[in-house]
Structures are given as structure tokens and as C-alpha cells.
Amino acid sequence: MREPCPVIAVIGASGAVGTEALSILSDRGYPPGSVRCFGSARSAGSVAPFGAHRLAIENLDALPKTDADYALLCADTETAHSVRDRLRGTPTVIIDNSSAFRMDEDVPLVIPEINSDLISHETSVIANPNCSTIMMLCAIEPIRRAYEINGVSVTTYQAVSGAGRRGIQELHSQTRAFLEGESITPEVFPHACAFNVFEHESELDPVSGYNGEELKMIRETRKIWNCPTFPLLPTCVRVPVERTHAQSIIIEIAERANIEDIRRCYANSSLRLSEPGHALTPREITGTDNVAIGRIRVDHTSDAMRVVLWACCDQIRKGAALNAIQIMETVEALNRDVVYI
Ligand SMILES: NC(=O)c1ccc[n+]([C@@H]2O[C@H](COP(=O)([O-])OP(=O)(O)OC[C@H]3O[C@@H](n4cnc5c(N)ncnc54)[C@H](OP(=O)(O)O)[C@@H]3O)[C@@H](O)[C@H]2O)c1
């Protein structure tokens, strides 16, 4: 690691993604003195865990006074815009978890395993893709390196923590209320999230019929794959799981393959491939770094040119905080000529 260690501002340190980012930074050996935590007036003055340490959360208004090398933005789109405006012209590199800049032409949308080559010395803002996009594209990448892909259909089973710490609190409180026979009033989600399943709560586009999460997956995949008309058909669904998304992914490939061919694609990848017969669940993947692949099928009614994957991913880690930190370390390696292990 560079000496002195880069200064990292974690903005939104009290939230689900910010808390995870602090935990990952601590695990990766960043010293507490190199990390500063920021939040709104709601969390300013409180502390955030950083390994064995506690870091004070400062009001975001103090940000211009820090000399942060990196701003890891783990807040909403409005905060992201205001931070970018305030840091414009400074050397701070912004890595944003929100959707504020993802589709901006001049902002690279990066999954390091796929397109880290988009990061250059001049990059000042880098966007982290949506968690469902990161997960799906990581799951497909080993196959994409071996086969031409003609289309993808995906159904997501998304944990409530995708809506932040309030989503987790709502699942807990509704579960208790249901079991005790009390009535509930949904606040974070439009429907009861305990003992229930519903289409993703993002706004429905009246023209296409897709919800916002599905449109993000389509647009972000096309941008990352640099394929403006790629046929992706997503259906995004919320399930009563606290953390870790699952997906059923159907991939149309341009030539025939069997299950062993597909398993071989994963042999040299960082993805976790389950043993045949193992029923992969979100629970076992929670807290892990890599997207995990469970059951693999090849559909013979498609002349063996359709592959079906079951995948799980801790969306707060690889789908958000970890991907952002991997981006930061890619920039750091590029700018400072250091090697991370
Ligand atoms: N959760 C996921 O699985 C996931 C996955 C991928 C991407 N993301 C994206 O990551 C971002 C953070 O999500 P999250 O799940 O961590 O949400 P969260 O749990 O609701 O946390 C939001 C954080 O933003 C801070 N914040 C809100 N308004 C602020 C302001 N005006 N100034 C400074 N800080 C402010 C909050 O601080 P206070 O406590 O002070 O309000 C809190 O720390 C969002 O853009 C989300 O879409 C989330």
C-alpha cells in the first residue's frame, strides 16, 4: 500500500453500503487514520465501526476541508450530485454507488473484472453499476469469454437490504408483527415484505412496462458491454431475504455446449462454482466476496444453445461496497504505480 496511505472519505458511513465499505477497508489493512466518515446531520456526531476501532461520523459540510484522495459515495443520488459539484476541480476521485452518473457518457461504469481498462489517469468520477447488473454480468463473464452471447433473460430474487438499512429494519419489524398477529403498515416498500414476494418497487415505466430496476439492468448492461441494442429481458422481484440476491439467468449462446463445457468456463475464474447437486442459497453466500454459481442446465430444446444458471451474490459486498473498493484500488494502482495483493 502507498505510504502514506491514501485518504478515503466514506460518505454515507452509517448506511448498509457505507458500513460494509468500512468493514472491507479495515479487513484490507487500511489504517483508521486514513479513513474519514461522513453523513447527514442525522448521523453526524455518532460513530461507525472500523474493525476494532470506532470512527467519528462528520457532517458532510466538513468535506471540502478534507484532503481526500478518494470519495466513496454510499448515499443517494442527490447527495452524489452535491458532492460532485463541491469536489469539482479537486484531485479527489469519486466512486459512486448511486445511479446518479451511471449513464453519463463521460463517466465510466466499471466492474473491474470486465472493463477496468476504461479507468485512466484523467478519470475523476467512476460509477459503480447497480447491484443486480454487477451480479449478472460477473456470473456471465466466464461464459462470455468463451461464447458469443445472443441474448439474456434474467429473473432476480432481491433481498430487502437492497433498499438499505431501513429495508432490513422493515423485514425484522414486520416479521415480528406478523408472528404476533399485529397489523402492519408498509413504509419502505409498497407491499408487506415479510412472508411475501412482489415485483421490484421502483417506478413502473408506463410505455415499456418495465420497472426502474429492470431498465437499469438493460441500460447498464448495454453500456458495459458496449452493445447499445443487446437483448436483455429482466424481471426484478423482491423476496423476504435479509441479504444476498439470487438470480435465474438464461443465456442464449451462438454454438452448442454441454454442462461440462460451461463448468470449464468457470475453472480459471474467481467465481465460486458449486458441486453438482448442491442447492446454493443466499444465506451461505452472505459475507463472501465472489458471485457464486449453483445449478447449471443446458436446454436441449434449444439445440443446446441455451444455458440456465442459478447464481447468488452478497449484493452489499460485490454488488456495491467491494466493487467500489476494487475500483478505487485499480485507480490507485494506475496512478501511484503500486501493486495490491
Ligand atoms: N443496499 C444495497 O444493496 C445497494 C447495492 C448497490 C447500490 N446501492 C446504492 O448505494 C447507496 C447507499 O445505499 P444503502 O443501501 O447503504 O442506503 P442506506 O442504508 O439507506 O444508507 C444511506 C446513507 O446515506 C447517507 N445520507 C443520506 N442523505 C445524506 C445527506 N444529505 N448527506 C450525507 N449523507 C447522507 C445516510 O446517512 P444518515 O444516516 O446521516 O442519513 C446513510 O449513511 C444508494 O445509492 C443505493 O442505491 C445499494
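Domain bounds here come from an automatic or database domain assignment. On that basis, domain 1 covers 8-129 + 320-336 and domain 2 covers 133-315, and each of them supplies at least three residues to the shell around the ligand. The structure is a predicted model.

The ligand is a convenient place to start. It is surrounded by 29 residues, and the closest are Gly12, Gly15, Ser43, Ser98 and Gly164. Three elements give two or more residues to this shell: helix H1 (16-27), helix H5 (165-179) and helix H9 (317-336). H1 contributes the most, with three residues. Sorted by class, the shell has 15 polar residues, 10 nonpolar residues and four charged residues.

From the ligand we turn to the sheets. Strands of a sheet pair through backbone hydrogen bonds, and this pairing is either parallel or antiparallel. One open sheet consists of seven strands in the order E3-E4-E2-E1-E5-E6-E7, with mixed pairing. Strand E3 (47-50) and strand E7 (125-127) are at the edges; each has a single partner strand, so one side of each is left without a neighbour in the sheet. On average, neighbouring strands of this sheet are turned by 25° against each other, direction ignored.

Strand E1 (residues 8-11) can be followed residue by residue. Ile8 and Val10 point one way from the strand, while Ala9 and Ile11 point the other way. Are these residues of E1 buried or exposed? All of them are buried. E1 pairs in the parallel sense with strand E2 (residues 35-39), over four bridges. In this pairing, Ala9 stands opposite Arg36 of E2. Between the two strands the chain passes through H1, and this β-α-β crossover from E1 to E2 is right-handed. H1 is thus met a second time, as it is also the element that gives the most residues to the shell around the ligand.

E1 also pairs with strand E5 (residues 70-73); the two run parallel and are joined by four bridges. Here Ile8 of E1 has Tyr70 in E5 as its bridge partner. E2, in turn, is joined to strand E4 (residues 53-59) by three bridges, and these strands run parallel as well. Within E4, Glu58 is the residue opposite Phe38.

A second open sheet also has seven strands, in the order E9-E10-E8-E11-E14-E13-E12, and its pairing is mixed. Its edge strands are E9 and strand E12 (272-273), each of which pairs on one side only. E12 and E13 are paired in the parallel sense over two bridges. Arg272 stands opposite Ala292 of E13 in this arrangement.

Two loop residues deserve a look at their backbone angles. Which phi does Phe195 have? Phe195 has a positive phi of about 55°, although it is not a glycine. Phe195 belongs to the loop between H5 and strand E9 (198-199). A residue counts as exposed if 12 or fewer other C-beta atoms lie within 10 Å of its own. Phe195 has 11 C-beta neighbours inside 10 Å and therefore counts as exposed.

Asp303 likewise is not a glycine, and its phi is positive, at about 60°. Asp303 is placed in the loop between strand E13 (292-298) and strand E14 (306-313). With 9 other C-beta atoms within 10 Å, Asp303 is exposed.

Notes:
Residues are numbered from 1 along each chain as its sequence is written. This is a predicted model: local features need pLDDT of at least 70, side-chain atom pairs count only at pLDDT 80 or more; totals for chains, interfaces and linings use all residues. A residue is near a molecule or strand if its C-beta atom, placed from the backbone, lies within 6 Å of it. Ala, Val, Leu, Ile, Met, Phe, Trp, Tyr, Cys and Pro count as nonpolar, Asp, Glu, Lys and Arg as charged, and the others, Gly among them, as polar. A residue is buried if 20 or more other C-beta atoms lie within 10 Å of its own, exposed if 12 or fewer, and partly exposed in between; C-beta atoms are placed from the backbone. Two strands pair if DSSP finds at least two bridges between them. A crossover is right-handed if, with the strands pointing away from the viewer, the path from the first strand over the helix to the second runs clockwise. Axes are lines fitted to C-alpha atoms, for helices over the stretch in contact, and angles run from 0 to 180 degrees between N-to-C directions.
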